[in-house]
Amino acid sequence: MAAPKKVCVIGSGNWGSAIAKIVGANAARYDKFDTTVNMWVFEETVNGRKLSEIINTDHENVKYLPGHKLPANVVAVPDLAESVKGADILIFVVPHQFIGRVCETIKDHMKKDAVGMSLIKGVDAGPEGLKLISEVIRSKLSITMTVLMGANIANEVADEKFCETTIGCRDKSYGSLLKELMETTNFRVTVVEESDVVEICGALKNIVAVGAGFCDGLGFGDNTKAASCGVADLITTCYGGRNRKIGEAFAKTGKSIEQLEMELLNGQKLQGPATASEVHQILKQKNMLDKFPLFTAVHEICFNSHPVTDFIKCLQNHPEHM
């Protein structure tokens, strides 16, 4: 019988902690997995105590996922390099702007045949053009990469409300293993081979969600909001996610994105504006800005002081409508 697979969750924010709750429970339930699940925690002091100590003693991430008990076999490890040692499966759940630094830290401490799974919704725009986050990780660590993306609001997943998600995995043998690790009665997993499609949709929808928040903040109706939306993951994010929430507050208050992030997200990071910036860079290089007016408008409003009240013009002036 093969040795049980050891799992490490790299990240312990809202989404990372919700996933750790699922992974911890399944690792304890199935013989294929080592019972202990490491979770890397960026150390912070909360109410005079270290966050890692609170998690390991009280089994609750009181800052990022309050009110939810984590399985006792989920162990918070504040040393990133230490957390990945011996892990066969690495689950990446950190803001996408930190992934380069994370990879540099762990590359000499991890198993060379580990399998990675990215839950990070974003893209990277570098000198070689647009790269998916899974590609960035793969190139830096030389490991097999998979992705998990879905219409999954972290608190609802932690509340065990029914939802679906998709694992993008080119290798079917890994797909079945990862499905077993992630799936529960109320967190249903579909495995597909088109991992690139799964990932790019998961990234781009956050830009649209910021625009949906603008619509809410400006008092537009459901028809207007729906004109910028799509399906499933996109719709869920446009009605319930943090990107929509900040977009609405931005349109209503006139405060900066950075200020609202600090005031409303309790240390969580916003992905929509950052992804808009990366996508804008690529579209500009390819001289395609006019073909993606919604993405361009979100970027201009978030970063170049374009009036949010002009947001709806991005739909009115769409080239397909001319």
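**Exercise 1.** Find which helix gives the largest share of the lining of the largest pocket, and describe that pocket in this predicted model.

*Solution.*
Step 1. H10 contributes four residues, the largest share of the lining of the largest pocket.
Step 2. Helix H10 spans 233-240, and helices H1 (14-29), H4 (99-106), H6 (154-158), H8 (195-217) and H11 (242-253) also supply at least two lining residues each.
Step 3. The volume of this pocket is about 1200 Å³. Its lining has 49 residues, and those closest to the centre are Gly13, Asn14, Arg242, Gln268 and Lys269.
Step 4. Sorted by class, the lining holds 21 nonpolar, 19 polar and nine charged residues.

**Exercise 2.** Locate the residues of the UniProt "binding site" annotation relative to the largest pocket.

*Solution.*
Step 1. The unreviewed UniProt entry places "binding site" on Gly11, Ser12, Gly13, Asn14, Trp15, Gly16, Phe42, Phe98, Ala154, Arg242, Lys269 and Gln271.
Step 2. Of these residues, the pocket lining includes Gly11, Ser12, Gly13, Asn14, Trp15, Gly16, Phe42, Phe98, Ala154, Arg242, Lys269 and Gln271.

**Exercise 3.** Decide whether glycine 16 is buried or exposed, and do likewise for phenylalanine 42.

*Solution.*
Step 1. Glycine 16 sits in helix H1. Its relative accessible area is 1%; buried means under 20%, so glycine 16 is buried.
Step 2. Beyond its neighbours within four places in sequence, glycine 16 contacts Val9, Gly11, Met39 and Val93.
Step 3. Phenylalanine 42 belongs to the loop between strand S2 (33-40) and strand S3 (45-46). Its relative accessibility is 57%; exposed means over 50%, so phenylalanine 42 is exposed.
Step 4. Residues up to four places away in sequence aside, phenylalanine 42 touches Ser12 and Leu51.

Terms used:
Residues numbered from 1 in each chain as written. Predicted model: local features only at pLDDT ≥ 70, side-chain atom pairs only at ≥ 80, totals over all residues. Heavy atoms only, no water. 1 Å grid on protein atoms, 1.4 Å probe; cavity = no way out; pocket = protein on both sides within 12 Å on 5 of 7 lines; lining within 4 Å. Points joined across faces, edges and corners; volume = space filled by probe spheres on them. Nonpolar A, V, L, I, M, F, W, Y, C, P; charged D, E, K, R; others polar. UniProt positions renumbered as here; feature names shortened; annotations may be inferred. Buried < 20%, exposed > 50% of the residue type's maximum accessible area, 1.4 Å probe, protein only. Contact = heavy atoms within 4.5 Å.
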